[in-house]
Amino acid sequence: MGKADIHLVDENDEVERQFRTVMRRLAGGVSIVTAGRDGDITGMTVTSLTSLSAAPPRLLVSINRQASSFSLIERDRLFGVNILGADQQVLAARFSNRRLNGGQRFEGTPWFAGSSGVPLLAKALATVECEAEEIIERYSHGIIIGRLLSMELSHRLSGLIYWNGQYVQIDHDADLDRLAEVSIPLAHVR
């Protein structure tokens, strides 16, 4: 990799700032984790979601323990995952807005209660309803292992990615249209 551009220093704040800069280079899919039931609901935008296992189906999400979503997940042992599409950047921003709390984040957004009662976003690319099988508390975050209770998949093929401090859209149909405009027939490629 050559000579390092970033040098660690002894001051914790500087190390944390540099670490955040490094991690911004890792693109992540954008999802909204929802929690709670009835009138006590909340949600937050995350990029820390990953598949843990396909057999049995499990996913993993990392959430700051100070977040309101974490306390509701810890209390109810249930949460929803809503994978966002390319056209849902405004929704991602809304659910990461610190001035909005709890149910305020859902205002104007179609949602429904899943079979366990957790809120799920009606227009997400995919929704997954989970039981918190295990919560591992480490440092500032809780690592939550989710056991799938239900899932729904949209027919749309698009995605919203967060990379280097900004949202990046992936839209399968639009990408195919752009490729068709500039594509070279395979017979001419050697």
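Modeller: In this predicted model, a residue counts as buried when its relative accessible area is under 20%. By that cut-off, 35% of the 190 residues of the chain are buried.

Colleague: How many helices and strands does the chain have?

Modeller: The chain has four helices and twelve strands. Its outer surface amounts to about 12,100 Å², with 54% supplied by carbon and sulfur atoms.

Colleague: Why is leucine 26 called exposed?

Modeller: The word exposed requires a relative accessible area over 50%. Leucine 26 has 58% relative accessibility and therefore counts as exposed. This residue lies in the loop between α1 (12-23) and β1 (28-29). Leu26 also belongs to a nonpolar surface patch with Phe19, Val22 and Met23, and together the four have about 400 Å² of accessible area.

Colleague: Why is arginine 24 called partly exposed?

Modeller: Partly exposed covers the range between under 20% and over 50%. Arginine 24 has a relative accessible area of 40%, so the label partly exposed applies. Arginine 24, too, is placed in the loop between α1 and β1.

Colleague: Which residues is arginine 24 in contact with, leaving aside its neighbours within four places in sequence?

Modeller: Contact means heavy atoms within 4.5 Å. With those neighbours set aside, arginine 24 is in contact with Trp163, Asn164 and Gly165. The C-alpha atoms of arginine 24 and asparagine 164 are 4.6 Å apart, although 140 residues separate the two in sequence. For the chain, residues 24 or more positions apart make up 62% of the contacts with a separation of 6 or more.

Colleague: What makes β1 and β11 a pair of strands?

Modeller: Pairing asks for at least two bridges between two strands. Two bridges join β1 to β11 (residues 158-163), so the requirement is met; the two strands run antiparallel. Within this pair, glycine 28 has tyrosine 162 in β11 as its bridge partner.

Colleague: Why is one side of β1 left without a neighbour in the sheet?

Modeller: The open sheet has three strands in the order β1-β11-β12, with antiparallel pairing. β1 and β12 (166-171) stand at its edges with a single partner strand each, so one side of each has no neighbour in the sheet.

Colleague: How do you know that β10 pairs with β5 and with β9?

Modeller: The threshold is again at least two bridges. Seven bridges join β5 (residues 57-64) to β10 (residues 141-153), in antiparallel orientation; leucine 60 has isoleucine 145 as its bridge partner in β10. Twelve bridges join β9 (residues 126-138) to β10, and these strands also run antiparallel. Both counts satisfy the threshold, so each is a pair. Isoleucine 136 stands opposite isoleucine 143 in β10. β9 and β10 form a hairpin with two residues between them, and tyrosine 139 in the turn has a positive phi of about 55 degrees.

Colleague: Which residues touch the most other members of the largest nonpolar core?

Modeller: Members of a nonpolar core must be buried and joined through side-chain atoms within 4.5 Å. The largest such core has 18 residues, and Val33, Val61, Ile63, Ile73, Phe79 and Ile144 touch the most other members. Two or more residues come from each of β2 (31-37), β3 (40-46), β5, α2 (68-76), β6 (78-83) and β9. The largest share, four residues, is that of β9. A second, separate core has eleven residues, including Ile41, Leu91, Phe95 and Phe106.

Technical notes
Residues numbered from 1 in each chain as written. Predicted model: local features only at pLDDT ≥ 70, side-chain atom pairs only at ≥ 80, totals over all residues. Heavy atoms only, no water. Buried < 20%, exposed > 50% of the residue type's maximum accessible area, 1.4 Å probe, protein only. Areas by Shrake-Rupley, 256 points an atom, 1.4 Å probe, with all protein chains shown as cover. Patch = residues over 30% accessible without salt bridge, like charges linked within 9 Å, V, L, I, M, F, W, Y side chains within 5 Å. Salt bridge = Lys/Arg side-chain N within 4 Å of Asp/Glu carboxyl O.
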